[in-house]
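Me: I have a structure open and would like to go through it with you. Could you take my questions one at a time?

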Amino acid sequence: MIAMIFVLMFALLFLGVPIGTSIGLPIAALVTVTKITSYEFLAQFLYTKMADFTMLCIPFFMLAGDIMDRGGISKRLIRIANSLVGNVTGSLGIVAILACMFFGAVSGSANATVAAIGMFMIPSMVRDGYDKGYAVGLICVAGGLGIIVPPSFPMVLYAVTNDVSIGDMFLAGWGPSIVVGGILILINYIVSKKYGYKSVIPRKTGVKEFLAAVWDGKWAIFMPLIILGGIYSGVFSATEAGVVSCVYGLIVGLFLYREMKPRDIVPLFKSKVNFLGGMMYCFAPAGAMGAVFAYLGYTTVIKNFFLGISSNPYIIVLLMYAFLFVAGMFVQTSPMIVIISPLLLPVATAVGIDPIHFGVIVILALSVAFVTPPVASNLFVGASMTGISIDKITKAAMPFIAGLVVAEIIIGFVPAISMVFVNVFG
């Protein structure tokens, strides 16, 4: 029965049926056929999941990313990254990766990172002699750092779905983001060395330029410091931090950088209405599904299946990576987190994997899904911006995808990378 539910669910998702409907129809069919519970029971959990106060931070963090992008943050972050890198082999590629990390700390979204950084960096890399396909592939993969560097929307989604601390999830993201960024920079250097991608356009570097870039972008840098500092110090909760980030972004965009106009505010808010409605429509049936699965003991069945293969935590990590990687090729990130992570979390805890570290494992595995067709939203963003085919971008991105996989395995096998900041500050 559980196999039939998942086959129907993923078939509906693959056909493009809305996420909420794809989750709700199989559960409704299960209740209708087996009479295991009542529809009143389902209705109760439909409401319970949506009424979670913590969920308020999700739309506010997403809105804050759009506000900061519209307010002129992207080009200032790129200038800071550019001032850190000299005219070395692969310098603009390094700048692009660093800029994606900086912007990820502002937007929390992979797609937004690709769009914002790609708009400035892809033309610059092409003018500097980089192959256009390579430049787009690099940006698309590095854009995945947007969900790894805190604050991250998928991290919030995982924390809300599995009742873990959002602040601890943010702390756990710092170590992996450094590891992933470092591996991508190393791969960029090796490829650039092979093809001779070295800057031919002199750029301002040095301490003076770095200080000038930091001063110009100080308000952009202060945003993650204020938000994350407020959460970690206990001044405000993660839910309140989403509101604070929106207010701060409006102040910066309207009055400090003055690149946003009052007339831009209402359209920005309206742009998130569909997202908020879709999120609620996704969470409501997901909550009911979790309740039904727990009632039937399906979570125990799934746990016993994995543990029947092996109780070695390293083998379990590899199995979960493989499962999430394949599933992520066909299903978008949000439904994967909402549907799959609650089912796999008992397996992880049974072999001694901390729920926070498991959250990092899930986020890293799904970061690859942004660049693995057929459901590869970062690639579609890059293709729509440049007109390059998905096939060409994917081929150019393969070394970086391989680097992401290597980073996943290292971080999955070494929990200290994720947990060091949590253990010290959590």
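Me: What classes of residue make up the lining of the second largest pocket?
Reply: This is a predicted model, and in it the lining of the second largest pocket has 14 nonpolar and 2 polar residues, with no charged residues.

Me: Which residues lie nearest its centre, and how many line the second largest pocket?
Reply: The second largest pocket is lined by 16 residues, and those nearest its centre are M101, F102, A105, W174 and P224. The volume of this pocket comes to about 360 Å³.

Me: Which helices supply at least two residues of that lining?
Reply: Helix 5 (73-84), helix 6 (91-107), helix 10 (166-195) and helix 12 (218-233) each do so, and helix 12 gives the most, with 6 residues.

Me: Changing topic, how many salt bridges are there?
Reply: The count comes to 2 salt bridges. In one of them, the side chains of R76 and D216 meet at 3.7 Å, taken from N to O. R76 lies in helix 5 and D216 lies in helix 11 (residues 207-216), so this pair ties together parts of the protein that are 140 residues apart in sequence.

Me: And what about E259, which side chain does it meet in a salt bridge?
Reply: The side chain of E259 meets that of R76, with 3.0 Å from N to O. E259 is in the loop between helix 13 and helix 14 (265-271), whereas R76 is in helix 5, so the two tie together parts that are 183 residues apart in sequence. Taken together, R76, D216 and E259 are linked in a network of salt bridges.

Me: Is R76 buried or exposed?
Reply: R76 is buried, because its relative accessible area is 11% and buried means under 20%.

Me: What about its partners, D216 and E259, how do they count?
Reply: D216 counts as partly exposed, at 28% relative accessibility, and E259 also counts as partly exposed, at 29%.

Me: Now the surface, which residues form a nonpolar patch there?
Reply: The patch is formed by V243, V247, I251, F255 and L256, and together these residues have about 430 Å² of accessible area.

Me: Where is V243 found, and how exposed is it?
Reply: V243 is found in helix 13, which covers residues 238-256. With a relative accessible area of 35%, V243 is partly exposed. A residue needs over 30% relative accessible area to be part of a patch, so V243 passes that cut-off.

Technical notes
Residues are numbered from 1 along each chain as its sequence is written. This is a predicted model: local features need pLDDT of at least 70, side-chain atom pairs count only at pLDDT 80 or more; totals for chains, interfaces and linings use all residues. Side-chain values use heavy atoms; hydrogens and water are left out. Patches are made of residues with over 30% relative accessible area and no salt bridge: like charges are joined within 9 Å, nonpolar side chains (Val, Leu, Ile, Met, Phe, Trp, Tyr) within 5 Å. Accessible areas come from the Shrake-Rupley method with a 1.4 Å probe; for residues, only the protein chains shown count as cover. A salt bridge is a side-chain nitrogen of Lys or Arg within 4 Å of a carboxyl oxygen of Asp or Glu. Helices (H or I, at least four residues) and strands (E, at least two) are DSSP runs, numbered from the N terminus. Buried means under 20% relative accessible area, exposed over 50%, partly exposed in between (1.4 Å probe, protein chains only). On a 1 Å grid over the protein atoms alone, a cavity is a set of points where a 1.4 Å probe fits but cannot get out, and a pocket is an open set with protein on both sides within 12 Å along at least five of seven lines; lining residues have an atom within 4 Å of a point. Grid points are joined across faces, edges and corners, and a volume is the space filled by probe spheres set on the points. Ala, Val, Leu, Ile, Met, Phe, Trp, Tyr, Cys and Pro count as nonpolar, Asp, Glu, Lys and Arg as charged, and the others, Gly among them, as polar.
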